[in-house]
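Hi,

Here's the structure I said I'd pass on. Have a look at it first, then read my notes below.

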Amino acid sequence: MNQFDPDKFKQEQKARWNQGARSTWTLWKETQVEDTPAKFFLELVPVRPGVKVLDLACGSGETSLQVAQLISSHLTTDSKDAKIVCVDISDEMLRVLNQRAQERGLSDIVETCCEDAEKVDFGPHYFDMVMSQFGVMFLPHLPEDLANIRKMMRPGSLFCCVIWGEEKDCHIFYAARSVVNPPPPPPGTPVSYGTKDKVMQALRKAEFSDVKAVEFQVVHETKDAEEYITLMSGVNKWLEKSLGEKGSELWQKLVEYCNSNYRTSRGTLQFPNVCVGITAVA
Ligand SMILES: C[S@@+](CC[C@H](N)C(=O)[O-])C[C@H]1O[C@@H](n2cnc3c(N)ncnc32)[C@H](O)[C@@H]1O
């Protein structure tokens, strides 16, 4: 089996998210029934003059922009230096974010930075909050990265992230995996689900205190099984490859699996998923 190569992994992530920034990621967000992850962050933002927030692996910024909007709605003339710094490895994701920030009149307080989250350095004690939604699971050296992040945070400020629960509780992924086996990743590859203990331990190792977790649900709803397959084939290239042509035997099997397990009375499909929100004090 191949050795895990962090640099290659990050280049693959960049390519994957650049490719999916508009179609797949837009569909992903459209199928999300209620924005419970964003709510988690919005309740934690320390809204005050000059506040500095870092969003790591911000993607196209649906949540960063909600945070920016909240901060902006509290801005007074003497607090123009408030900032939300949005970091992502994918320039395409950031292009979408910048466009949306402009459309919503938030460009003044939104700053984007196309960088590997493992390399960012904004100097000591700069941020009043660091957030990351479905991002930390892509970082190959999490304890070291968190230690680096903590140094950039004002002592006593809050780190918060949202990650996926166990795979069996995240049906948006589990449905496809119940029918098609993904190829095993090289050992050491960061995983997408069930990393609550790993993240909490990494935070403690990085000398954060008061590390806490809460669970909540995020539901995805697709029009039908075909839309589900389009969405998940964009998210997982191995799925697209394994399923082959529309209508193949495996494709049909996945359609049947989805229809028998997730169909609503309206004929749509609903996939319930457990998320974990983690907070820790720098
Ligand atoms: C699942 S998306 C989440 C995006 C956004 N936080 C949200 O929830 O809408 C993961 C994001 O992590 C970014 N990413 C992956 N590895 C990264 C790295 N090493 N540094 C910075 N961003 C990274 C991807 O480009 C992608 O935008």
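Which element gives the largest share of the shell around the ligand? It's α1, with 3 residues. Keep in mind that this is a predicted model.

Let's stay with the ligand for a moment. There are 21 residues around it, and the ones that come nearest are Trp17, Ala57, Gly59, Ser90 and Ala117. If you want to trace the shell by element, look at α1 (6-20), α4 (62-73) and β2 (83-88), as each of them supplies at least two of its residues. By type, the shell splits into 10 nonpolar, 6 polar and 5 charged residues.

Now zoom out to the whole protein chain. You can count 11 helices and 7 strands in it. Its radius of gyration is 19 Å, close to the 19 Å that the globule rule gives for 282 residues, so the chain is as compact as a globular protein of that length. The C-alpha trace spans about 60 × 40 × 30 Å along its principal axes. Buried residues account for 37% of the 282. And if you take the contacts between residues at least 6 apart in sequence, 84% of them join residues at least 24 apart.

One last residue to click on: Val214, which sits in strand β6 (residues 209-222). Is Val214 buried or exposed? It's exposed, because just 11 other C-beta atoms lie within 10 Å, and 12 or fewer counts as exposed. Compare its position with Ser60: the two are 154 residues apart along the chain, and their C-alpha atoms are separated by 25 Å.

Cheers

Methods: Residues numbered from 1 in each chain as written. Predicted model: local features only at pLDDT ≥ 70, side-chain atom pairs only at ≥ 80, totals over all residues. Near = placed C-beta within 6 Å. Helix = DSSP H or I, 4+ residues; strand = E, 2+ residues; numbered from the N terminus. Nonpolar A, V, L, I, M, F, W, Y, C, P; charged D, E, K, R; others polar. Buried ≥ 20, exposed ≤ 12 C-beta atoms within 10 Å, placed from the backbone. Rg over C-alpha atoms; globule rule 2.2 N^0.38 Å. Contact = placed C-beta atoms within 7 Å.
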